[in-house]
Amino acid sequence: MLKIKNARFVKSILDAREKPKPALLEIIFAGRSNVGKSSLINSLVNRRNFARVSKKPGKTQTINFFSVDDRFYLVDLPGYGYARRSKTQQSIWNNSIEDYLINSRELLILFVLIDSKVGTKENDQQLIEWLDYYKIPFQIIATKVDQIPRGQVAARERHIRESLGLASDKAIIFFSVKDGTGREAVVKYLSALLRQLE
Ligand code: GTP
Ligand code: MG
């Protein structure tokens, strides 16, 4: 099983040519602003506010690399769908993130986070279409599952699967930093991916 001993912040970039060295596998977290990307990274490395978290959307504004045991990077992306950003700012961000994702040879997996309560929005659907087009491997994580009644989880899963056109065999991981749901599932998922490479 994947063990995370030593996690450290390495670098923030906005230009894919400035990726940190050495090149290591990248595990990347994407999703709308405020969906819980930074919180999920903190939960994985067992540290509070390691990747900075905020109640206000738009907290993460650069592509942030965290090295885990000098074995791989966890990469925290700025969120999308944050209306209070100017159009120019949005497109600069979008272009540099797209450029980074398309050109990363080290990309192991992109986790796409969807808020369990909010559900999928048009920009989530666009991201999934875009990932399919560029054949970028992704896995959906539905966050903040503590905010919906247990009885609604199955219906939420169906909604996410249908709205994103996911294959029925593609599992969605439900996650909560509040009660620990799904943490082990994410760790197992990553362990399996890393094992395949060894
Ligand atoms: P940006 O950096 O703005 O793109 O946001 P982000 O996706 O990194 O979200 P962040 O981790 O900063 O979390 C946003 C808010 O959601 C914070 O107030 C978190 O405490 C809260 N949050 C994150 N995960 C959970 C969760 O599992 N359950 C609940 N109830 N709240 C959560
Ligand atoms: Mg963030």
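A residue counts as partly exposed when its relative accessible area lies between the buried class, under 20%, and the exposed class, over 50%. Lys 144, with a relative accessible area of 24%, therefore falls in the partly exposed class. The model discussed here is predicted. This briefing covers the site of ligand 1, helix α1, and several backbone features in the loops.

**Ligand 1 and its surroundings**

- Ligand 1 occupies the space that forms the largest pocket.
- Around ligand 1 there are 22 residues, of which Lys 37, Ser 39, Gly 58, Thr 60 and Asp 146 come nearest.
- By residue class, the shell around ligand 1 consists of 11 polar, 7 charged and 4 nonpolar residues.

**Polar contacts of ligand 1**

- The side chain of Asp 146 places a polar atom 2.7 Å from a nitrogen atom of ligand 1.
- In the side chain of Ser 38, an N or O atom is 2.9 Å from an oxygen atom of the ligand.
- Val 35 takes part through its backbone, where an N or O atom lies 3.3 Å from an oxygen atom of ligand 1.
- On its own, ligand 1 has 660 Å² of accessible area, and the protein covers 91% of this.

**Helix α1**

- Helix α1 spans residues 37–45 and is mostly covered, with 8 of its 9 residues buried.
- Among the buried residues of α1 are Lys 37 and Ser 38; Lys 37 is also one of the residues that come nearest to ligand 1, and Ser 38 has a side-chain N or O atom 2.9 Å from a ligand oxygen.
- The buried residues of α1 also include Leu 40, Ile 41, Asn 42, Ser 43, Leu 44 and Val 45.
- Asn 46, just after α1, has a positive phi of about 60°.

**Backbone features in the loops**

- As a general background, most residues other than glycine have a negative phi, and most peptide bonds are trans.
- The peptide bond from Lys 21 to Pro 22 is cis, with omega near 0°; Pro 22 belongs to the loop between β1 (7–13) and β2 (25–31).
- Asn 34 has a positive phi, near 80°, and is located in the loop between β2 and α1.
- The relative accessible area of Asn 34 is 36%, so this residue is partly exposed.
- Lys 144 is not a glycine, yet its phi is positive at about 55°.
- Lys 144 lies in the loop between β6 (138–143) and α4 (153–164), and is partly exposed.

Definitions and conventions:
Residues numbered from 1 in each chain as written. Chains lettered and ligands numbered in written order. Predicted model: local features only at pLDDT ≥ 70, side-chain atom pairs only at ≥ 80, totals over all residues. Heavy atoms only, no water. Near = heavy atom within 4 Å. Polar contact = N/O pair within 3.5 Å; in protein donor to acceptor, adjacent residues only side chain to side chain. Areas by Shrake-Rupley, 256 points an atom, 1.4 Å probe, with all protein chains shown as cover. 1 Å grid on protein atoms, 1.4 Å probe; cavity = no way out; pocket = protein on both sides within 12 Å on 5 of 7 lines; lining within 4 Å. Sits in = over half its atoms within 2 Å of the grid points. Nonpolar A, V, L, I, M, F, W, Y, C, P; charged D, E, K, R; others polar. Buried < 20%, exposed > 50% of the residue type's maximum accessible area, 1.4 Å probe, protein only. Helix = DSSP H or I, 4+ residues; strand = E, 2+ residues; numbered from the N terminus.
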